[in-house]
Amino acid sequence: MEIQLRSVLETFRNNTLAIGYDGRSCDLYGKPAGPKYEWSWAGGLMFSVTVISTIGEDIQTFALFN
């Protein structure tokens, strides 16, 4: 399982670097002169898991302190 996860993360990192994203700004994505990116299955899954787990964490924290 660890080897598969490492492979998915390395692929995600390599794809991110391949499209020229350097971590500074996403403003040019979607614009005519901006970089193009098509989601891979692994990238879409990684994004979805990140969003869902982050939202779930916020809800649990809110319920705990209120």
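## The second largest pocket

Let's start with a list of names: Met 1, Gln 4, Leu 5, Val 8, Trp 41, Ala 42, Leu 45, Met 46 and Val 49 line the second largest pocket. Two elements, H1 and H2, each give two or more residues to this lining. H2 gives the most, with 5 residues. Keep in mind as you look around that this is a predicted model.

What kinds of residues make up this lining? By class, you'll find 8 nonpolar residues, 1 polar one and no charged ones. The space in this second largest pocket comes to about 180 Å³.

## The largest pocket

Now for the largest pocket, which holds about 250 Å³ of space. Its lining has 12 residues, and the ones nearest the centre are Phe 12, Thr 16, Ile 19, Tyr 37 and Trp 39. Try finding those five in the structure before you go on.

Which helices help to build the lining of the largest pocket? Helix H1, running over 2–18, and helix H2, running over 41–65, each supply at least two residues. Here H2 gives the most, with 4 residues. Sorted by class, the lining of the largest pocket has 9 nonpolar residues, 3 polar residues and no charged ones.

## The chain as a whole

Step back and the list of elements is short: the chain has 2 helices and 0 strands. There are 66 residues in the chain, and 5% of them count as buried.

What about the outside? The chain's accessible surface adds up to about 6000 Å², and carbon and sulfur atoms account for 65% of that.

## Trp 39 and a nonpolar patch

Trp 39 has already turned up among the residues nearest the centre of the largest pocket. You'll find Trp 39 in the loop between H1 and H2. Is Trp 39 buried or exposed? Its relative accessibility is 53%, so Trp 39 counts as exposed, given that the cut-off for exposed is over 50%.

Trp 39 also belongs to a nonpolar patch on the surface, together with Phe 47, Val 51 and Ile 55. That patch covers about 410 Å². So this one loop residue is worth a second look, because it counts as exposed and also lines the largest pocket.

Technical notes
Residues numbered from 1 in each chain as written. Predicted model: local features only at pLDDT ≥ 70, side-chain atom pairs only at ≥ 80, totals over all residues. Heavy atoms only, no water. 1 Å grid on protein atoms, 1.4 Å probe; cavity = no way out; pocket = protein on both sides within 12 Å on 5 of 7 lines; lining within 4 Å. Points joined across faces, edges and corners; volume = space filled by probe spheres on them. Nonpolar A, V, L, I, M, F, W, Y, C, P; charged D, E, K, R; others polar. Buried < 20%, exposed > 50% of the residue type's maximum accessible area, 1.4 Å probe, protein only. Areas by Shrake-Rupley, 256 points an atom, 1.4 Å probe, with all protein chains shown as cover. Patch = residues over 30% accessible without salt bridge, like charges linked within 9 Å, V, L, I, M, F, W, Y side chains within 5 Å. Salt bridge = Lys/Arg side-chain N within 4 Å of Asp/Glu carboxyl O.
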